[in-house]
Amino acid sequence: MQPLQAFAAGVVAEAIRRQPPSASRTAFAWSVAAGPMMARAATVETRDGVLIVTAKDARWSREIERSSATLLARVQALLGPAEVTRLRLCDKP
């Protein structure tokens with residue numbers, strides 16, 4: 001038997017993957033993968049398979065850097081590993 005949490009995560013991932021690629025889809029996947037606080041602390045976009053994350057300040061940049069492997073795996077689970085191959089953290093513009 002599959003735990004309810006794992007089942008729900010699979011359903012959400014499938015619903016996200018069915019949507020056409022867009023900035024909104026990427027932002028939503030980021031918010032699910034990062035959680036509400038971290039999602040508000042950074043903006044994201046994808047370019048050529050790279051998830052570009054721009055943190056709002058140095059504190060959040062450190063947190064995202066520390067969690068980058070986990071965040072990348074979560075985003076890949078939601079969008080697909082072919083769509084996002086790596087995560088790049090950028091300084092605030």
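Is Asp 48 buried or exposed? In this predicted model, Asp 48 is exposed, since its relative accessible area is 82%, and anything over 50% falls in that class. The residue sits in the loop that joins S1 and S2, and its backbone is worth a look as well, for Asp 48 has a positive phi of about 50° without being a glycine. As background, most residues other than glycine have a negative phi.

From this loop one can step back to the whole chain, which contains 5 helices and 3 strands and runs through the pattern α-α-α-β-β-α-α-β when read along the sequence. The protein chain has 93 residues, of which 37% count as buried. Where contacts with a separation of 6 or more are considered, 53% of them in the protein chain come from residues 24 or more positions apart.

Helix H4, residues 58-66, offers a view of how one element is set into the rest. At its N-terminal end, H4 is capped by Asp 57, a side-chain oxygen of which lies 3.1 Å from the backbone nitrogen of Arg 59. Further along, the buried residues of H4 are Trp 60, Ser 61 and Ile 64. Because these residues cover an arc of only 105° around the axis, they lie on the same side of H4. An α-helix has 3.6 residues a turn, so residues three or four places apart point the same way. The exposed residues Glu 65 and Arg 66 are carried by the face of H4 that is turned away from the buried side. The cover over the buried residues of H4 includes helix H3 (36-40), strand S1 (42-47), strand S2 (50-55), helix H5 (68-79) and strand S3 (86-90).

Within that buried set, Ser 61 can be followed individually: its relative accessibility is 18%, and it counts as buried because the class takes in values under 20%. Once its neighbours within four places in sequence are left aside, Ser 61 is in contact with Ala 55 and Leu 89.

Helix H5, which helps to cover H4, is also packed against helix H2, residues 23-34. Two packed helices are described by the angle between their axes and the distance between the axes. For H2 and H5, the axes come within 9 Å and cross at roughly 130°, and the two helices are therefore oblique to each other. The crossing in which H2 passes H5 is right-handed. On the H2 side the contact is made by Arg 25, Ala 29, Trp 30, Val 32, Ala 33 and Ala 34, and on the H5 side by Leu 71, Arg 74, Val 75, Leu 78 and Leu 79.

Two of the residues in this contact, Arg 25 and Leu 79, show how the helix pair connects with other parts of the chain. Leu 79 of helix H5 counts as buried at 5% relative accessibility, and its C-alpha atom is separated by 9.6 Å from that of Trp 30, although the two residues are 49 residues apart along the chain. Neighbours within four places in sequence aside, Leu 79 is in contact with Ile 16, Arg 17, Arg 25, Ala 29 and Val 84. Arg 25, placed in helix H2, likewise counts as buried, with 7% relative accessibility. The side chain of Arg 25 reaches the backbone oxygen of Gln 19 at 3.3 Å, and, not counting residues up to four places away in sequence, Arg 25 touches Ile 16, Arg 17, Gln 19, Pro 20, Leu 79 and Glu 83.

How values were computed. Residues are numbered from 1 along each chain as its sequence is written. This is a predicted model: local features need pLDDT of at least 70, side-chain atom pairs count only at pLDDT 80 or more; totals for chains, interfaces and linings use all residues. Side-chain values use heavy atoms; hydrogens and water are left out. Helices (H or I, at least four residues) and strands (E, at least two) are DSSP runs, numbered from the N terminus. Buried means under 20% relative accessible area, exposed over 50%, partly exposed in between (1.4 Å probe, protein chains only). Contact means heavy atoms within 4.5 Å. The arc is that of the directions from the helix axis to the C-beta atoms. A polar contact is a pair of N or O atoms within 3.5 Å; within protein, one must be able to donate a hydrogen and the other to accept it, and residues adjacent in sequence count only if both atoms are side-chain atoms. Axes are lines fitted to C-alpha atoms, for helices over the stretch in contact, and angles run from 0 to 180 degrees between N-to-C directions. Angles under 35 degrees count as roughly parallel, over 145 as roughly antiparallel, 65 to 115 as roughly perpendicular and the rest as oblique. A crossing is left-handed if the near helix is turned anticlockwise from the far one by less than a right angle, and right-handed if clockwise.
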